[in-house]
Amino acid sequence: MPAHPKRRGIALALAAAGLGVAGCGEPATVHLANGHVVLKLSEYRIRPQTIVVARGTDPGGVALVRIYATDVGVQPHNIEVETIGASSVVQGGVTTLLPGHSGESKVMRLKPGRYLLACTIADQGELGMTGELIVR
């Protein structure tokens, strides 16, 4: 018997929230039916590394995405979301977080495609603190 749609949504939300407390066994790629992205930020690492969000139901497939991030490292971190391609455009992100603090982005309207997640503080992005958000 298929799961009740409301229960399925709650289960997905709990699974996404659980990413914030998962240990080293976290999956490298997470698939989400909703646009609630939960990230953990630490030195030179964004977890999960790749997030796939389901496209929206409007004709253009635009997904409504909000990022919830927690800095679990010892240095301040932020997240910038930008398009990947010939001309990158910043779509939004999470402002600078101090260690132990959490924050969230505004809701972003993202078209189907690939987006770079990067910490823009100092040289952390260049040193590997990046990830990918895919809307499909």
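Leucine 41 stands opposite aspartate 71, which belongs to strand β5. I start with that pair, and I should say at once that this is a predicted model. The two strands behind the pair are β2 and β5, the latter covering residues 63–71, and they run parallel with six bridges joining them.

For anyone new to this, strands of a sheet pair through backbone hydrogen bonds, either parallel or antiparallel.

Stay with β2 for a moment. It has a further partner, β3, made of residues 45–47; three bridges join the two, and here the direction is antiparallel. Serine 42 is bridged to arginine 45 of β3. Between β2 and β3 there are two residues, and the strands form a hairpin. Tyrosine 44 sits in that turn, with a positive phi of about 60°.

Is β2 enclosed, and why? Strand β2 spans residues 36–42, and six of its seven residues are buried, so the rest of the structure largely encloses it. Buried here means under 20% relative accessible area.

Now to the open sheet. Which strands form it, and in what order? There are six, ordered β1-β4-β11-β10-β6-β7, and their pairing is mixed. At the edges are β1, residues 29–32, and β7, residues 90–97, each of which pairs on one side only. From one strand to the next, the twist averages 15°.

One pairing inside this sheet is worth looking up on the screen. Strand β4, residues 50–53, runs parallel to β11, residues 130–135, and four bridges join them. Valine 53 has valine 135 in β11 as its bridge partner.

How values were computed: Residues numbered from 1 in each chain as written. Predicted model: local features only at pLDDT ≥ 70, side-chain atom pairs only at ≥ 80, totals over all residues. Heavy atoms only, no water. Pairing = 2+ DSSP bridges. Axes fitted to C-alpha atoms, helices over the stretch in contact; angles between N-to-C directions. Buried < 20%, exposed > 50% of the residue type's maximum accessible area, 1.4 Å probe, protein only.
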